[in-house]
Amino acid sequence: MPRPQDLGIVIGSLPPGPSCSVLDVPGVGLGHATVVRDEPAPPEGRGVARTGVTVLLVAADAYRRPFAAGGAVLNGAGECTGFISAQEWRTLETPVYLTSTMQLGRVYDAACELALEQDPGVADDVVVPVVAECDDSYLNDCRRMQVTAEDVRTAYTRARESRGTTAPGTGSVGAGTGMSCLGFKGGIGTASRKVGDHTVAVLLLTNFGQRDRLTVAGVPVGRHFPPAPGPEKPAGSCIGVVVTDASVDGAGCERLARRIGLGLARTGSTAHHGSGEIFLAASTTFRTDRDGNRVGADPIGSRALDPLFEAVVDCAEEAVLDSMLSSPTTVGRDGNTSEGLDPEKVLELLT
């Protein structure tokens, strides 16, 4: 499946990183466990599964050296564990786990087990793993808990193994398997930009919006597609994470996270009443020890953040398109269908 730049779609003027993904930030990993099955409906079987888990590993040693973080909420009809403590302490000390709404508890349990395995000290100074969700029940049968602890472990292992590579999984993978966006199939999307010597990247889990509002590179293409087949999809949500190797403190990270919403708006989002747009941002170089003593360079602040803001907005816009163009048409429970966005039709409308 093509990504936006494969089609010549250029968002903004800043150059992308080599993989145009979160993997362009040194030390960052991205892993998925995709759960697809077709069984009889409960109680005879587990039903139709179109779901999964995605793990964003910001730093492997995050527990011993928490990294600066901040968050913002555009519309709060969703859940993200660890968000409140991140806002209070301005740090994160676990990977970011993404999954579907009804699986959040299972993923949280498995994330705690993984944290304890990675560092026994967690038992003496507990952590609150960051687990965020979107609702994939349009395609996924949520009457059975489709995700297992082994799925979480698989995604985590793949995230560790992906560091230093240039092949991000996008579209209908991991947590994005059952998601829909702007009237088409959505899922996992990512993009990166170079800002001087630094890299800024955004990862999205897209599950929001109306087809007639889809906008690509400023062109309102959605109104030229026929209406989506089948029943209307729920309002949905979007989880977004900014990662950068620029030295940005917690307050600066919060400001970066807030700019994700501007990128979503460019693609057609209006943050519906029932949607949860929850955003986080983290710096891999502004770190502290367990006692809160700063480790690393002085933070970037004030007007020096402006180029980073620009990068976040452009990355968020491109990541939405990436999540859609990378996703094929998917049939889920009860025959519900989420149509893949046709890249040839998009190019035709753009020209």
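Two strands count as paired here if DSSP finds at least two bridges between them. Strands themselves are DSSP runs of E with at least two residues, helices are runs of H or I with at least four residues, and both are numbered from the N terminus. With that in hand, start at strand S1 (residues 29-38): 10 bridges join S1 to S2, and the two run antiparallel.

Before going further, a word on what you're looking at. This is a predicted model, in which local features need pLDDT of at least 70 and side-chain atom pairs count only at pLDDT 80 or more, while totals for chains, interfaces and linings use all residues. Residues are numbered from 1 along each chain as its sequence is written, and side-chain values use heavy atoms, with hydrogens and water left out.

Now zoom out for a moment. The protein has seven helices and 16 strands. Its radius of gyration, taken over C-alpha atoms, is 19 Å, close to the 20 Å that the globule rule (2.2 Å times the number of residues to the power 0.38) gives for 351 residues, so the protein is as compact as a globular protein of that length. The C-alpha trace spans about 55 × 50 × 35 Å along its principal axes. Of the 351 residues, 58% count as buried, where buried means under 20% relative accessible area, exposed means over 50%, and partly exposed lies in between (1.4 Å probe, protein chains only). Contacts mean heavy atoms within 4.5 Å; among those with a separation of 6 or more, 79% come from residues 24 or more positions apart.

Back to the sheet. Five strands form an open sheet in the order S1-S2-S6-S7-S4, with mixed pairing. S1 and strand S4 (80-81) are the edge strands, each pairing on one side only. Even so, S1 is mostly covered, with seven of its 10 residues buried.

What about S2, its neighbor in that order? In strand S2 (residues 48-57), 10 of the 10 residues are buried, so S2 is largely enclosed by the rest of the structure. In a regular strand the side chains alternate between the two faces of the sheet. Both faces of S2 are covered: Val48, Arg50, Gly52, Thr54 and Leu56 lie on one side, with Ala49, Thr51, Val53, Val55 and Leu57 on the other. To follow the pairing with S1, find glycine 31 opposite valine 55, then valine 36 opposite arginine 50. S2 also pairs with strand S6 (residues 96-100) in the antiparallel sense, over three bridges; there, threonine 54 has leucine 98 as its bridge partner.

Finally, hop over to threonine 170, in the loop between helix H3 (149-162) and strand S8 (180-181). Is threonine 170 buried or exposed? Threonine 170 is buried, with a relative accessible area of 13%. Leaving aside residues up to four places away in sequence, threonine 170 touches Arg3, Ile188, Thr190, Asp322 and Ser326. Asparagine 207 sits 37 residues from threonine 170 along the chain, and their C-alpha atoms are separated by 14 Å.
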